[in-house]
Amino acid sequence: ENVENITRLEEPIVKLSCVYSLGVDTPVGLVYNRGFPDEQPERLMGDGDGTVTKISLAYCNRWMNRNKNRVMVFNDLNHGQILKDKTVLSFIESQLVLKNL
């Protein structure tokens, strides 16, 4: 929602496959109780992949009902693990295989 005012994120004109994981504690904000920058902030945690928040990961869901776009959401895989998980890689491969024309 906040990003919309900064950058216009429009639907790509190509078929889209969106892959991400949720269920990993992810920093969503920082609170400085005694003063910035002389203290370590309190981290506010939320859902995501440990690096990217759910709201950012799920942004592509806005385009999933068009052009036969596909989304696959996995659980409990962090930002690095998703690149190595066999189930994730199988899904990606299934999206890349050319069908007989």
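Q: Is phenylalanine 36 buried or exposed, and what are the cut-offs for those words?
A: Buried means under 20% relative accessible area, exposed means over 50%, and partly exposed is in between, with a 1.4 Å probe and protein chains only. At 62% relative accessibility, phenylalanine 36 counts as exposed. This is a predicted model, where local features need pLDDT of at least 70, side-chain atom pairs count only at pLDDT 80 or more, and totals for chains, interfaces and linings use all residues. Residues are numbered from 1 along each chain as its sequence is written, and side-chain values use heavy atoms, leaving out hydrogens and water.

Q: Where does phenylalanine 36 sit among the helices and strands?
A: Helices (H or I, at least four residues) and strands (E, at least two) are DSSP runs, numbered from the N terminus. Phenylalanine 36 is in the loop between strand E2 (26–31) and strand E3 (42–46). For the wider picture, the protein chain has two helices and four strands, in the pattern β-β-β-α-β-α along the sequence.

Q: How many aromatic pairs does the structure hold, and why is the pair of tyrosine 32 and phenylalanine 36 classed as it is?
A: Rings of Phe, Tyr and Trp (its six-membered ring) pair if their centres lie within 6.5 Å; planes under 30 degrees apart count as stacked, over 60 as edge-to-face and the rest as tilted. The structure holds one aromatic pair. The ring centres of tyrosine 32 and phenylalanine 36 are 5.0 Å apart with planes at 85°, so this pair is edge-to-face. Tyrosine 32 itself counts as partly exposed, at 31% relative accessibility.

Q: Which residues form the nonpolar patch on the surface?
A: Patches take residues with over 30% relative accessible area and no salt bridge (a side-chain nitrogen of Lys or Arg within 4 Å of a carboxyl oxygen of Asp or Glu). Like charges are joined within 9 Å, and nonpolar side chains (Val, Leu, Ile, Met, Phe, Trp, Tyr) within 5 Å. Here Leu30, Tyr32 and Phe36 form the patch, with about 330 Å² of accessible area together; such areas come from the Shrake-Rupley method with a 1.4 Å probe, and for residues only the protein chains shown count as cover.

Q: What should I look for in the backbone?
A: Most residues other than glycine have a negative phi, and most peptide bonds are trans. In this model, the peptide bond from phenylalanine 36 to proline 37 is cis, with omega near 0°. Aspartate 76 has a positive phi of about 65° although it is not a glycine. Aspartate 76 lies in the loop between strand E4 (70–75) and helix H2 (86–96), and counts as exposed at 53% relative accessibility.
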